Amino acid sequence: MRKYIFASILLLIYAGLLLPLTAAQDDTLSEDYNWCFSGEPWGDGRCDSPDPTLAACMWEMGWYLPRVQAGMFSLEQVMSVSSCLPCINKTVVLSGSPYNGWYDIFIDDDIFVASSIDLTGICGLTIYGNDNPNIIVGSPGSDAIFGYGGDDLIFGDSTLDEGSGNDAIYGGSGDDDIVGDSWFGDGSGNDLIWGEEGDDLIYGDTVSGFGSGDDTIDGGAGNDTAIGDTDPLVGSGADPNSTDTCVNAETVVCEQP
Ligand SMILES: [Ca+2]
Ligand SMILES: [Ca+2]
Ligand SMILES: [Ca+2]
Ligand SMILES: [Ca+2]
């Protein structure tokens with residue numbers, strides 16, 4: 001249930017931040033102003049929920065988030081006083097990335113390892129690579145990672161530790177090596193991986209460990225290899241309990257092709 005609360009709150013944050021700052025500009029932020037009662041896009045009844053905990057959190061965030069938009073509070077301040085917002089997502093962009101939208105952290109490099117930044121209070125990262133060969137290692141949380149062009153090496157969670165984040169990874173063009181979780185350990189994240197163009201090598205869980213995540217792998221165009229769990233020649237064997245889905249791959253080691 002808790003993950004649904006987090007997901008709902010984050011959805012509300014994204015919805016709120018996409019709105020123009022009309023609330024701050026037209027003096028509607030009176031003391032009792034709350035999006036749950038306003039005509040805003042998510043003030044249409046979604047602030048009501050049969051789950052009383054979720055309903056209470058939505059109500060609380062309905063009060064806070066317009067004020068975050070208006071600059072009265074930062075998300076970090078809200079996190080410090082509200083148990084409804086235990087963590088936030090942040091966006092990372094690498095130098096020269098085709099992505100030209102808003103971001104939190106700029107990395108002047110072709111390499112980014114999430115453990116190099118302070119991950120306190122962060123649920124997950126959205127990481128935009130560039131058209132060079134990138135090495136990108138995501139956070140322990142649930143990340144979205146875009147490799148773009150170049151022959152990229154991407155790990156969803158880490159290289160050394162076990163990984164359990166549920167990541168969405170897009171290889172872009174180029175011959176990419178993508179690992180849903182980590183090199184070693186028990187990869188248990190349920191990842192969605194798109195190899196896209198190029199001849200990609202994709203592991204759903206780990207290269208040299210156990211694998212138990214339920215992953216979905218789509219090789220896309222090119223001569224791709226999809227391995228649902230872990231390398232059968234290197235790792236400790238596939239977990240018979242995981243159920244992976246692999247499509248558009250020419251070489252498949254996957255329980256449910
Ligand atoms: Ca790249
Ligand atoms: Ca991750
Ligand atoms: Ca491909
Ligand atoms: Ca996985």
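In the predicted model, Tyr99 is located in the loop that connects strand β1 to strand β2, the latter spanning residues 105-107. The residue counts as partly exposed, because 16 C-beta neighbours are found inside 10 Å, a number that falls between the limit of 12 or fewer for exposed residues and that of 20 or more for buried ones. When neighbours within four places in sequence are set aside, the contacts of Tyr99 are with Val93, Tyr128 and Phe146. Tyr99 is also separated from Ile127 by 28 residues in sequence, with a C-alpha to C-alpha distance of 9.9 Å.

The strands around this loop are linked by parallel pairing. Strand β1, which covers residues 88-94, pairs with β4 in the parallel sense over 6 bridges, and Thr91 has Thr126 of β4 as its bridge partner. Strands β1 and β2 likewise run parallel and are joined by 3 bridges, with Val92 partnered by Ile105 of β2. Strand β4 is in turn joined by 3 bridges to β6, formed by residues 144-146, and these two strands also run parallel; here the bridge partner of Ile127 is Ile145 of β6. Strand β4, comprising residues 122-128, is mostly covered, with 5 of its 7 residues buried.

Several of these strand residues recur in the nonpolar interior. In soluble globular proteins, nonpolar side chains tend to be buried together. In the present model, the largest nonpolar core contains 35 residues, and the members with the most contacts inside this core are Val92, Ile127, Ile145, Ile202 and Ala226. For Val92, contacts outside the four nearest places in sequence are made with Tyr103, Ile105, Ile107, Phe112, Leu125, Ile127 and Tyr128; of these, Ile105 is also the bridge partner of Val92 in β2. A second core, separate from the largest one, consists of 10 residues, among them Cys57, Met61, Tyr64 and Leu65.

The four residues named for the second core, Cys57, Met61, Tyr64 and Leu65, are also listed among the buried positions of helix α3, together with Met58, Gly62, Pro66 and Gln69. Helix α3 is made up of 18 residues, 52-69, and extends 26 Å from its first C-alpha to its last, which is close to the 26 Å expected at 1.5 Å a residue. The helix nevertheless bends by about 30° at Gly62, and a proline, Pro66, follows within four residues of that position. Trp63 also lies in α3, but this residue counts as partly exposed, because 17 C-beta neighbours are present inside 10 Å, whereas 20 or more would be required for a buried residue. Trp63 and Glu31 are 32 residues apart in sequence, while their C-alpha atoms are 9.0 Å apart in space. After α3 comes Gly71, which has a positive phi, near 85°.

Positive phi values also occur at residues other than glycine. Tyr148, which is not a glycine, has a positive phi of about 55° and is placed in the loop between β6 and β7, the second of these strands covering residues 153-155. With 22 C-beta neighbours inside 10 Å, Tyr148 counts as buried. For Asn248, likewise a residue other than glycine, phi is positive and near 55°; this residue belongs to the loop between β16, at residues 245-247, and β17, at residues 251-253. Asn248 counts as partly exposed, because 17 C-beta neighbours lie inside 10 Å.

Over the whole protein chain, the secondary structure comes to 4 helices and 17 strands. Of the 257 residues in the chain, 47% count as buried. Among contacts between residues at least 6 apart in sequence, 52% join residues that are at least 24 apart. The average pLDDT of the protein chain is 85, and 83% of the residues have a score of at least 70. Over residues 14-26, however, the pLDDT is below 50, although this stretch has 17 contacts in the model beyond its near neighbours in sequence.

Definitions and conventions. Residues numbered from 1 in each chain as written. Chains lettered and ligands numbered in written order. Predicted model: local features only at pLDDT ≥ 70, side-chain atom pairs only at ≥ 80, totals over all residues. pLDDT = per-residue confidence, 0-100. Contact = placed C-beta atoms within 7 Å. Core = buried A, V, L, I, M, F, W, Y, C linked by C-beta atoms within 7 Å. Expected span 1.5 Å × (residues − 1). Bend = angle between axes of the 7 residues up to and from the residue. Pairing = 2+ DSSP bridges.
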